[in-house]
Amino acid sequence: MSESKYLSLLYAEIAKHTPEENAAGPGEVTASFIVGASGKIEKVTIDKTTSPAHAEVVKKILATVVAPPPPGGAMDVGQTFKFR
């Protein structure tokens, strides 16, 4: 599987776990994380956030995601979450 196809699958899986609304309200979080060789998300780093509450929402989302194993082993990924 190509890296771009894998990222499409990964982002779709993350979207399934991302609620339309959250208790923190509108905001934005940019996170970096590692998808381990098993597909589990490891080592989440919050690069930018509207508030600590938004950062916690993203950490909880990413903790629930399990994707297929990435091609070639672990993979560094980044994503911006926009909450309305």
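This passage describes the sheet, the helices, the nonpolar core, two buried polar residues and the salt bridges of a predicted model. Local features were considered at pLDDT of at least 70 and side-chain atom pairs at pLDDT 80 or more, whereas totals for chains, interfaces and linings use all residues. Residues are numbered from 1 along each chain as its sequence is written, and side-chain values use heavy atoms, with hydrogens and water left out.

Helices (DSSP runs of H or I, at least four residues) and strands (runs of E, at least two) are numbered from the N terminus. Three strands form an open sheet in the order β2-β1-β3, with antiparallel pairing, where two strands pair if DSSP finds at least two bridges between them. The edges are taken by β2 (41–49) and β3, each of which has a single partner strand, so one side of each is left without a neighbour in the sheet. Neighbouring strands are turned by 25 degrees against each other on average, direction ignored; axes are lines fitted to C-alpha atoms, for helices over the stretch in contact, and angles run from 0 to 180 degrees between N-to-C directions. The antiparallel pairing of β1 with β3 extends over nine bridges; Ser 32 has Gly 78 of β3 as its bridge partner, and Gly 27 stands opposite Phe 83 in β3. Helix α1 packs on the sheet, touching β1 and β3, and its direction makes about 40 degrees with that of β3. Helix α2 lies across β1, β2 and β3 and runs at about 155 degrees to β2.

The side chains of β3 alternate: Met 75, Val 77, Gln 79, Phe 81 and Phe 83 point to one face and are buried, while Asp 76, Gly 78, Thr 80 and Lys 82 point to the other and are not. Here buried denotes under 20% relative accessible area, exposed over 50%, and partly exposed the range in between (1.4 Å probe, protein chains only). The largest nonpolar core has 19 residues, and those with the most contacts inside it are Leu 10, Ile 14, Phe 33, Leu 62 and Phe 81. At least two residues of this core come from each of α1 (3–17), β1 (27–35), α2 (52–64) and β3 (75–83). Such a core is a set of buried Ala, Val, Leu, Ile, Met, Phe, Trp, Tyr and Cys residues joined through side-chain atoms within 4.5 Å. Beyond its neighbours within four places in sequence, Leu 62 is in contact (heavy atoms within 4.5 Å) with Ile 14, Ala 31, Phe 33, Ile 41, Val 44 and Phe 81.

Two polar residues are also buried. His 54, in helix α2, has a relative accessible area of 3%, and among the residues that it touches more than four places away in sequence are Asn 22, Gly 27, Thr 49 and Phe 83. Asn 22, in the loop between α1 and β1, is buried at 17%; a polar atom of its side chain lies 2.7 Å from the backbone nitrogen of Ala 24.

Two salt bridges were counted, each defined by a side-chain nitrogen of Lys or Arg within 4 Å of a carboxyl oxygen of Asp or Glu. In helix α1, Lys 16 and Glu 13 are three residues apart, about one helical turn, and their closest N and O atoms are 3.3 Å apart. Lys 16 is exposed at 64%, whereas Glu 13 counts as buried at 19%. In helix α2, Lys 59 and Glu 56 are likewise three residues apart, with a closest N and O separation of 3.6 Å; Lys 59 is partly exposed at 35%, as is Glu 56 at 41%.

Methods. A polar contact is a pair of N or O atoms within 3.5 Å; within protein, one must be able to donate a hydrogen and the other to accept it, and residues adjacent in sequence count only if both atoms are side-chain atoms.
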